[in-house]
Amino acid sequence: MAIIQPDRRPLTRRVYSAPLRFWHWANTIVISGSLITVLINSTITDRRTITNIIKTQLQTQGATITDDQSGSVAHALGDSVWSIHTWFGYVLAGLLLFRLILELFQVTDQKFIRRIKDLYSQFHSTRKERELAKHELIVKAVYAAFYILLIIMAVTGLFLAFENLLAPFKAIRHSVKEVHGFCMYLIIAFILVHLAGVFLAERKDDKGIVSDMINGGNNN
């Protein structure tokens, strides 16, 4: 006798518009670039490390250089990397604004808020698929948290980028920087969870997530 397996297909269709796919992959590139600049400045261009390297290399060439001079060069190298990080931040803020505007003009059944409402209704009205609806609601909640993190990152990053124009708020600069850095770790955690979730879904019952985000998904 054949065993009937429960239908594990998503309750909502995975259909992604071209603008949403553009935002997803552009966001991936920009966040990756931003994190790489942080990694470079905390390792390759770390001030203490690069100061000693500069001083040692110049001294082997017969040059005389003080700690302050080599430190100034190291600081300039770090600043050049941070300037790239800042530009990534500007683009990230622009992409976030693009995503918020896109939500207003998306087809109704592709809007993020609408999908959450539909899943919430299905969770309360369909006992048979309640567990699946619960799973998808949790996934959507994680994405909502990610969007909130992006907003906090963008706002705190812009504050730090324009701190000279925000002199009256200089007292909170350190706190803003701490929040900015903490959110970075949360975003890294989200990326790891997201990649793990996609990998597991592709291996099990929810295949085609990556291809759907490339070609738009199935309208049928």
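What pattern does the protein chain follow when it is read along the sequence? It follows α-α-α-α-α-α-α, and the secondary structure accordingly comes to 7 helices and 0 strands. Please keep in mind throughout that what we are looking at is a predicted model.

Let me begin with the chain as a whole. There are 220 residues in the protein chain, and buried residues make up 31% of them. The accessible surface comes to about 14800 Å², and carbon and sulfur atoms hold 66% of that surface. If we take the contacts in the chain with a separation of 6 or more, residues 24 or more positions apart account for 71% of them.

I would now like to go through three helix pairs, starting with α1 and α3. Helix α1 covers residues 18-42 and helix α3 covers residues 67-105, and their axes come within 9 Å while crossing at roughly 160°. Angles over 145 degrees count as roughly antiparallel, and α1 and α3 are therefore roughly antiparallel to each other. The crossing in which α1 passes α3 is left-handed, and the residues of this contact divide into 19 nonpolar, 7 polar and 1 charged.

The second pair brings α3 together with helix α2, which spans residues 47-60; here the axes come within 8 Å and cross at roughly 125°, so that α2 and α3 are oblique to each other. This crossing is right-handed. On the α2 side the contact involves Arg 47, Ile 50, Thr 51, Ile 54 and Lys 55, and these meet a set of residues in α3 that includes Asp 67, Ser 70, Val 73 and Leu 77. Sorted by class, the contact of α2 with α3 has 5 nonpolar, 4 polar and 3 charged residues.

The third pair returns to α1, this time with helix α6, residues 173-203, where the two helices pack at an angle of about 130° with their axes 12 Å apart. From that angle it follows that α1 and α6 are therefore oblique to each other, and α1 passes α6 in a left-handed crossing. Which residues in α1 meet α6? They are His 24, Ile 31, Leu 35 and Val 38, and across from them in α6 stand Met 184, Ile 187, Ile 188, Ile 191 and His 194. The residues of this contact divide into 7 nonpolar and 2 polar, with no charged residue in the count.

To close, then, α1 is roughly antiparallel to α3, whereas it is oblique to α6, and α2 is oblique to α3.

Definitions and conventions:
Residues numbered from 1 in each chain as written. Predicted model: local features only at pLDDT ≥ 70, side-chain atom pairs only at ≥ 80, totals over all residues. Heavy atoms only, no water. Helix = DSSP H or I, 4+ residues; strand = E, 2+ residues; numbered from the N terminus. Buried < 20%, exposed > 50% of the residue type's maximum accessible area, 1.4 Å probe, protein only. Contact = heavy atoms within 4.5 Å. Areas by Shrake-Rupley, 256 points an atom, 1.4 Å probe, with all protein chains shown as cover. Axes fitted to C-alpha atoms, helices over the stretch in contact; angles between N-to-C directions. Parallel < 35°, antiparallel > 145°, perpendicular 65-115°, else oblique. Left-handed = near helix turned anticlockwise from the far one by under 90°. Nonpolar A, V, L, I, M, F, W, Y, C, P; charged D, E, K, R; others polar.
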